[in-house]
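This report looks at how helices pack and where nonpolar side chains gather in the model shown below.

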Amino acid sequence: MKNIRNFCIIAHIDHGKSTLADRLLDETSTVTKREAQAQLLDSMDLERERGITIKSHAIQMEYTYKGEDYILNLIDTPGHVDFSYEVSRSIAACEGALLVVDAAQSIQAQTISNLYLALENDLEIIPVLNKVDLPSANPEEVTDDIVDLLGCDSEEVIPASAKTGIGIVEILAAVIERIPAPKGNPDEPLQALIFDSVYNPFRGVETYFRVLNGSIRKNQQIKFVATSKTYGADEVGTLKLTQAPKQEIKTGDVGYLITGIKDAREVKVGDTITDAKTPTQRAIEGFEDVKPMVFAGIYPVDTEDYEELRASMEKLQLNDASLVFEPESSAALGFGFRCGFLGMLHLEIIQERLEREFDMTVITTVPNVSYHAFIHKYPDDIILVNNPSDLPDPSSMNRVEEPFIKASIITKSDFVGPVMSLCIEKRGTITNQTYLTPERVELSFDMPLAEIVFDFYDRLKTVSKGYASFDYTPIGMRPSNLVKVDVLLNGQEVDALSALLHKDNAYDIGKKMCEKLRQLIPRQQFDIPIQAAIGAKIISRETVKALRKDVTAKCYGGDISRKRKLLEKQKKGKKRMRAVGNVEIPQEAFMAVLKLND
């Protein structure tokens, strides 16, 4: 056990985490020249194209240092804020972390939030200054930033370049020397932490775990604590580039487990594995069910594809247990699903995977968050509102609570003004302002999650000319003054365009929605009124003017009464059309509501 090292790499998006992992695999000869490729641990096409890690991965490396053989388990973590729970479980399975900072970009918001996660778990932090070979690199200044942040010596910061291979040997030496060996008791009952799972279509769910106490053997009867279900361990082994089956995985090591489970929801990240006959008395702390933060409706463009969409969603859920969905129907869009996502990036990825992997073209409705409503009759009963149409009647309602987040924004000091005014416009209240260096400021805000779901991230990048980095953590529910704004087309309510908005913003947003829809809805043979309403009160109206056929074209010269007679006849026809007219809404109209500021 003393020769095992478990570590992860934490970094902001695009600071070179995946490339550094590639170099470590090359240096330890874990992959042959033939198997090597860029971003080796990112197995999805989508991850490679976008340059982000969506799923965490684990790989075992063997390395000889000063004549001794060591086993190094690298547990890769996703970089994006949406997957922070997965990151927290990966960190809990390690004793140390490489903190990678880009020498050209310095410390960003996510670096700090993941660092705090690592420090809470008492991990040994090894700071690595990456991309020192870039012409725009500023190693001295960024090293000072790291020293200020961690309180370490500047000699402890390892300068490296994952692209050219500078500093890789020093990093491996630091991993072995500085990161402590795993602690644990091999004689205690089995206690292992699940930090990830993947779905294999031939073998069911493969569970990745780290053994904290005891050991896990092939064919042993095991139990998952959170679900209280018992399975047989058909195969256990370690994770090289491909799986290497073993008879036993001992204390402190990382491995995979195959039990033939077909439903990914039975394996929960953060759960504890124990022996079925002599179970451990204490589960590993920190387990929670992943809660979706953002909800949106996904509908097939053609209603006949509903069953096909259901099958595609179920297959996706096998690979991604954090996706939740339930059937719902909309008067405007027909049958579809109400889906819960971890955040906006997760929503984008699911939509893209549906189109790529399953060839499904879908319409996504306006994303919203989950609210709690309370009514006068039963003031203690929470009514969960995932969809604006679930909101109880305003006259019977006591109050509505919405989820709030703590947002941390790091930006250059030149952009503090614009960033603050953007956050205040989004109903944020500033809680803290810290100058990390004279040039860089960290701003903390308490904000409603609903306000950042739409276009907040894009606008933040715009006002800061791309220099702001953003990270958030949920801080619970708070009462809020919310109203439901409905959109009526031709007097009929379109449920897919309804939104829950703060009372102060409702009039402005309702007006903007109507103006935007007027530009997008094609003209018909009759006038189409577009109205925004709160309850029975209309707060805004626009009209799409009718296309008018030129009925007087065949009249040339002659008496005016002939023309008038034709125009009167046309007017009567128009009246009849308005009474029965149905409006076709283009797909852009549903997404346009998200981009009201463009």
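Which residues in H1 meet which residues in H6? In this predicted model, Leu20, Arg23, Leu24 and Glu27 in H1 meet Ile168, Val169, Ile171 and Leu172 in H6. The residues of this contact divide into six nonpolar, no polar and two charged.

The axes of helix H1 (residues 17–27) and helix H6 (residues 168–178) come within 10 Å and cross at roughly 85 degrees; because angles of 65 to 115 degrees count as roughly perpendicular, H1 and H6 are roughly perpendicular to each other.

The buried residues of H1 are Lys17, Ser18, Leu20, Ala21, Asp22, Leu24 and Leu25, and, besides H6, these buried residues pack against the four strands listed here.

| Strand packed against by buried residues of H1 | Residues |
|---|---|
| S1 | 4–11 |
| S2 | 58–65 |
| S3 | 68–75 |
| S4 | 96–102 |

Turning to the nonpolar cores, the largest one holds 48 residues, of which Ile409 and Phe456 touch the most other members. Strand S24 (residues 397–412) gives the most to this core, with five residues. A second, separate core has 34 residues, including Leu99, Ile112, Leu115 and Phe195.

When its neighbours within four places in sequence are left aside, Ile409 is in contact with Val419, Cys423, Val441, Glu442, Leu443, Phe445, Phe456, Leu460, Ala468, Ser469 and Phe470. Phe456, which shares with Ile409 the highest number of touched members in the largest core, is thus itself one of the contacts of Ile409.

Definitions and conventions: Residues numbered from 1 in each chain as written. Predicted model: local features only at pLDDT ≥ 70, side-chain atom pairs only at ≥ 80, totals over all residues. Heavy atoms only, no water. Core = buried A, V, L, I, M, F, W, Y, C linked by side-chain atoms within 4.5 Å. Buried < 20%, exposed > 50% of the residue type's maximum accessible area, 1.4 Å probe, protein only. Helix = DSSP H or I, 4+ residues; strand = E, 2+ residues; numbered from the N terminus. Contact = heavy atoms within 4.5 Å. Axes fitted to C-alpha atoms, helices over the stretch in contact; angles between N-to-C directions. Parallel < 35°, antiparallel > 145°, perpendicular 65-115°, else oblique. Nonpolar A, V, L, I, M, F, W, Y, C, P; charged D, E, K, R; others polar.
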